[in-house]
Amino acid sequence: MRGKNIVIMMMLLSGVTAGLLTNGCVGTGQSPPSRFYMLTSIDPAEAAPDPSSDMAGEGILLGPIRFPVYLNRQQIVIRTSPNEIQLAEFDRWAEPLETNFFNVLRENLVILLNTAFIVEPPVPKNIGIEFQVIAGVSRFDAEPGKQVILSVRWGILRVDDNQVLMTKKSNYTAPLSSGGFEEIARTQSRIVADFSRDVAAAIQDRYRLEHGQ
């Protein structure tokens, strides 16, 4: 009797295993490889600063730059409706998007303002820094086949007295011709470049105003 029970159990287990293999529940191969992407800064050859607004040697305090929690993940976030997002399981950011965004913005401002003197908070002691740029991103995602959107509220402060010199809400969009993730990353980089140019222009205008130029 015991031997018969063992045979029955083996048959049942064989049937379950066959079903799992048929349904793909037991993998017979490797998962698709993950692909990793990064935002990129603007090409210095295409973004030479205006010589009349050269800010070489002038210090800029950049940050904090806040990001929404829904973007605090490695997977690339795509929006399928106003109330639904999806995560691209095998298409991911090579580093946190908030960090990548900050680094690209800083590099863009270095190029556009012709200054390498851009630091993060807190303010280093005994260093002359005139302006601080702060920003809060509320949206930075893609609608595949439609567009990429960046919504950000930002401002410029005078470091000496912490006075708010300007605040602005900006929205940027750029079309997507397909749903490819490389195109999404490239288009998001272009939008960050547009935002960087607006920030640089505002800093230059404020610098001229403050220094009577």
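What span should the 30 residues of α3 cover at 1.5 Å a residue, and how far apart are the end C-alpha atoms of this helix? In this predicted model, the expected span of α3 is 44 Å and its end C-alpha atoms are 43 Å apart, so the two values agree. The expected value follows from taking 1.5 Å times one less than the number of residues. Just after α3, Gly212 adopts a positive phi of about 65°.

Helix α3 also contributes to the nonpolar interior. The largest nonpolar core comprises 52 residues, and Phe101, Phe140, Leu150 and Phe195 are those with the most contacts inside it. At least two residues of this core come from each of β2, β3, β4 (84-93), α2, β6 (129-143), β7, β8 and α3. The most is given by α3, which supplies twelve residues.

Six aromatic pairs are present in the structure. In one of them, the ring centres of Phe67 and Phe101 are 5.1 Å apart and the planes stand at 70°; the pair is therefore edge-to-face, since planes over 60 degrees apart are counted in that class. Phe67 belongs to the loop between β2 (59-66) and β3 (75-81), whereas Phe101 belongs to helix α2 (residues 97-113), so the pair ties together parts that are 34 residues apart in sequence. Both Phe67 and Phe101 are buried.

Trp154 and Phe195 form another edge-to-face aromatic pair, with 5.8 Å from centre to centre and 80° between the planes. Here too distant parts of the chain are linked: Trp154 lies in strand β7 (residues 147-158) and Phe195 in helix α3 (residues 181-210), 41 residues apart. Trp154 and Phe195 are both buried. Through ring pairs, Phe67, Phe101, Phe140, Trp154, Tyr172 and Phe195 are linked into a cluster.

Phe140 is a member of this cluster and is also listed among the core residues with the most contacts. When neighbours within four places in sequence are left aside, Phe140 is in contact with Leu39, Phe67, Tyr70, Leu71, Leu97, Phe101, Ile149, Leu150, Gln188, Ile191 and Val192. Two of these partners, Phe67 and Phe101, make up the edge-to-face pair described above.

Strand β7, which carries Trp154, runs antiparallel to strand β8 (residues 163-175), and twelve bridges join the two strands. Gln147 is positioned opposite Pro175 in β8. The two strands form a hairpin with four residues between them, and in the turn Asn162 has a positive phi of about 60°. Both β7 and β8 are among the elements that supply at least two residues each to the largest nonpolar core.

How values were computed: Residues are numbered from 1 along each chain as its sequence is written. This is a predicted model: local features need pLDDT of at least 70, side-chain atom pairs count only at pLDDT 80 or more; totals for chains, interfaces and linings use all residues. Side-chain values use heavy atoms; hydrogens and water are left out. Rings of Phe, Tyr and Trp (its six-membered ring) pair if their centres lie within 6.5 Å; planes under 30 degrees apart count as stacked, over 60 as edge-to-face and the rest as tilted. Buried means under 20% relative accessible area, exposed over 50%, partly exposed in between (1.4 Å probe, protein chains only). Two strands pair if DSSP finds at least two bridges between them. A nonpolar core is a set of buried Ala, Val, Leu, Ile, Met, Phe, Trp, Tyr and Cys residues joined through side-chain atoms within 4.5 Å. Contact means heavy atoms within 4.5 Å.
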